[in-house]
Amino acid sequence: MKVKVSTIAFSSNAYLVAQLKQVFPGAEVNDAGKRIKEEDLPEFFAGAEGIIVGLEPITPQLLDKLPDLRIIAKYGVGLDNINLSACAERGIQVGWTGGVNKTSVAEMALGFMLALSRNLYSTSNQLKQGVWNKSGGFQLTGKTVGIVGLGNIGKEVARLLTPFQCKILVNDIEDVSEYAKNNQFEIVSKETLFAESDIVTIHTPLTPETQNMVNLELISKMKKTAFIINTARGGIVNESDLKVALREKLISGAALDVYETEPPVDMELLSNFNLINTPHTGGNAYEAVVAMGMSAISHLVNYSNK
C-alpha cells in the first residue's frame with residue numbers, strides 16, 4: 001500500500017518514520033518541515049492509498065482529486081478537520097483512536113493553571129525587563145475549576161487536579177451525570193460555570209455549536225480574578241472578544257494553545273501581558289507524539305491486513 005504522511009510532528013520523529021517504513025518501505029513523509037498548504041495537498045497526496053494526517057483539512061474537493069485513496073489515519077484525536085460524511089460516501093475508511101494524547105494536553109492545562117494563578121508567567125516577563133514584582137497570585141489549591149467538556153482530556157484534567165482539592169464544575173452536551181456523581185463533580189450550566197469558577201478550561205471539539213461559544217457575553221459573567229484556558233481548538237474562544245476582555249480587565253488573564261488561524265496573526269492579542277500563548281503544542285509531549293504516531297500506523301496496518 002502506498003502511504004504518505006503530511007503532518008510535521010510525525011514526519012520529524014525519526015522513531016515513527018522508521019516504524020512506518022518497516023511495514024510500508026515506500027512511505028513518503030513531509031520532511032520539508034513546513035505545513036503543507038491546502039492547495040498543495042492534492043499534489044502531495046497524489047497516488048496514495050493510505051495517508052496519515054494531522055490538522056490538514058480533508059474536504060470533499062480534496063477527496064475528489066485522490067481516486068486511489070482508501071484509508072485516512074488520524075495523527076491526533078480531533079476529527080473536526082476531516083469531512084467524515086464525504087469519506088463515507090466515497091468508501092474511504094477513517095482510522096482514529098481517542099484519548100492517546102490526553103495526559104500531554106491535560107498536563108499543559110494544569111501548567112497553565114499554576115502559571116496563571118501564581119503569576120509565574122507575568123512576573124517572569126517583568127523581571128526580564130528589570131521589574132521586581134513580588135505579587136504571588138493565589139493558590140490553586142481549594143479553588144473552583146470549571147471544565148467545559150468532560151471527555152478523555154477533561155477527565156484527565158480533573159484527575160490531575162485531585163491533589164489540589166479543587167471544587168470541580170462541569171458542563172457537557174453528553175450525559176456525564178454518573179461519572180460526575182462518582183467523582184463528586186457538580187454539573188452546571190455554562191453560565192453558572194463561568195460565573196462561579198476561578199479557572200475555566202475548555203476541552204470540547206470545534207463544532208457549529210461550539211464555534212465562538214466563549215464570547216464577550218459569557219466572559220462578562222466571570223469573576224474579575226478568573227482565568228480562561230483553551231487547549232482544545234481555535235474558534236471556540238472568540239479571539240476578538242477575548243482581546244477586549246483582557247484589555248478592559250474583565251478577567252485577570254488567559255492561556256491559549258490553539259487559535260482561529262494557525263499560526264496566529266493577531267499580534268495585538270498575543271502581546272497582552274496577561275495572556276500565555278503557546279504554538280499548539282499541548283498534545284506534543286514526546287510520549288504523546290509516539291503514541292499518536294503508532295496509533296496511526298496501526299490503523300494502516302490493520303486495513304492493509306484485511
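Start by selecting Asn-13: at 9% relative accessibility, this residue counts as buried, because buried means under 20%. Keep in mind throughout that the model is predicted.

**Stop 1: Asn-13**

Where does Asn-13 sit? Look in the loop between H1 and H2. Now show its side chain. A polar atom of that side chain lies 3.1 Å from the backbone nitrogen of Tyr-15. The Asn-13 side chain also reaches the backbone nitrogen of Leu-16, at 2.9 Å. The contact with Tyr-15 has a role in the helix: a side-chain oxygen of Asn-13 lies 3.1 Å from that nitrogen, and Asn-13 caps the N-terminal end of H2.

Next, look beyond the neighbours within four places in sequence. Which residues does Asn-13 contact there? Select Tyr-286, Val-289 and Val-290. Keep these three on screen for the stop at H14.

**Stop 2: helix H2**

Select residues 14-23, which form helix H2. Which of its residues are buried? Colour Leu-16, Val-17 and Leu-20. Then turn the view to look down the axis of H2. The buried residues fall within an arc of 100°, so they line one face of the helix. Now colour Ala-14 and Gln-22. These two are exposed, on the other side of H2.

What covers the buried residues of H2? Show these elements one by one, as they are among the cover:

- strand S1, residues 3-5
- helix H1, residues 8-11
- strand S2, residues 28-29
- strand S3, residues 50-53
- helix H14, residues 286-304

**Stop 3: H2 against H14**

Keep H2 and H14 in view and hide the rest. Two packed helices are described by the angle between their axes and the distance between the axes. H2 and H14 pack at an angle of about 15°. Their axes are 10 Å apart. Are the two helices roughly parallel or roughly antiparallel? Angles under 35 degrees count as roughly parallel, and H2 and H14 are therefore roughly parallel to each other. Their crossing is right-handed.

Now show side chains on both helices. On the H2 side, select Tyr-15, Leu-16, Gln-19, Leu-20 and Val-23. On the H14 side, select Tyr-286, Val-289, Val-290, Gly-293, Met-294, Ile-297, Leu-300 and Val-301. These two groups meet. Tyr-286, Val-289 and Val-290 of H14 should be familiar, as they also contact Asn-13.

**Stop 4: H6 against H8**

Move to another helix pair. Select residues 102-117 for H6 and residues 152-160 for H8. The axes come within 8 Å and cross at roughly 50°. That makes H6 oblique to H8. The crossing of H6 and H8 is right-handed. Which residues make the contact? From H6, pick Lys-102, Thr-103, Val-105, Ala-106, Glu-107, Ala-109, Leu-110 and Met-113. From H8, pick Asn-152, Ile-153, Glu-156, Val-157 and Leu-160.

**Stop 5: the loop between S9 and H11**

Select Thr-207. This residue lies in the loop between strand S9 (199-202) and helix H11 (216-219). Is Thr-207 buried or partly exposed? With a relative accessible area of 25%, Thr-207 is partly exposed. Try a distance: the C-alpha atoms of Thr-207 and Asn-101 are separated by 20 Å. Along the chain, the two residues are 106 residues apart.

Stay in the loop between S9 and H11 and select Asn-212. Its phi is near 55°, a positive value in a residue other than glycine. Asn-212 is partly exposed, at 29% relative accessible area.

**Stop 6: Pro-263 and Asn-272**

Find Pro-263 in the loop between strand S11 (253-256) and H13. Show the backbone here. The peptide bond from Glu-262 to Pro-263 is cis, with omega near -5°.

Then pick Asn-272, in the loop between helix H13 (267-270) and strand S12 (275-277). Asn-272 is buried, with a relative accessible area of 14%. A polar atom of its side chain lies 3.3 Å from the backbone oxygen of Glu-268. Leaving out residues up to four places away in sequence, Asn-272 touches Lys-243, Leu-246 and Arg-247.

**Last stop: His-280**

Select His-280, in the loop between S12 and H14. Its phi is near 50°, a positive value in a residue other than glycine. At 21% relative accessibility, His-280 counts as partly exposed.

Note on methods. Residues numbered from 1 in each chain as written. Predicted model: local features only at pLDDT ≥ 70, side-chain atom pairs only at ≥ 80, totals over all residues. Heavy atoms only, no water. Buried < 20%, exposed > 50% of the residue type's maximum accessible area, 1.4 Å probe, protein only. Helix = DSSP H or I, 4+ residues; strand = E, 2+ residues; numbered from the N terminus. Arc of directions from axis to C-beta. Contact = heavy atoms within 4.5 Å. Polar contact = N/O pair within 3.5 Å; in protein donor to acceptor, adjacent residues only side chain to side chain. Axes fitted to C-alpha atoms, helices over the stretch in contact; angles between N-to-C directions. Parallel < 35°, antiparallel > 145°, perpendicular 65-115°, else oblique. Left-handed = near helix turned anticlockwise from the far one by under 90°.
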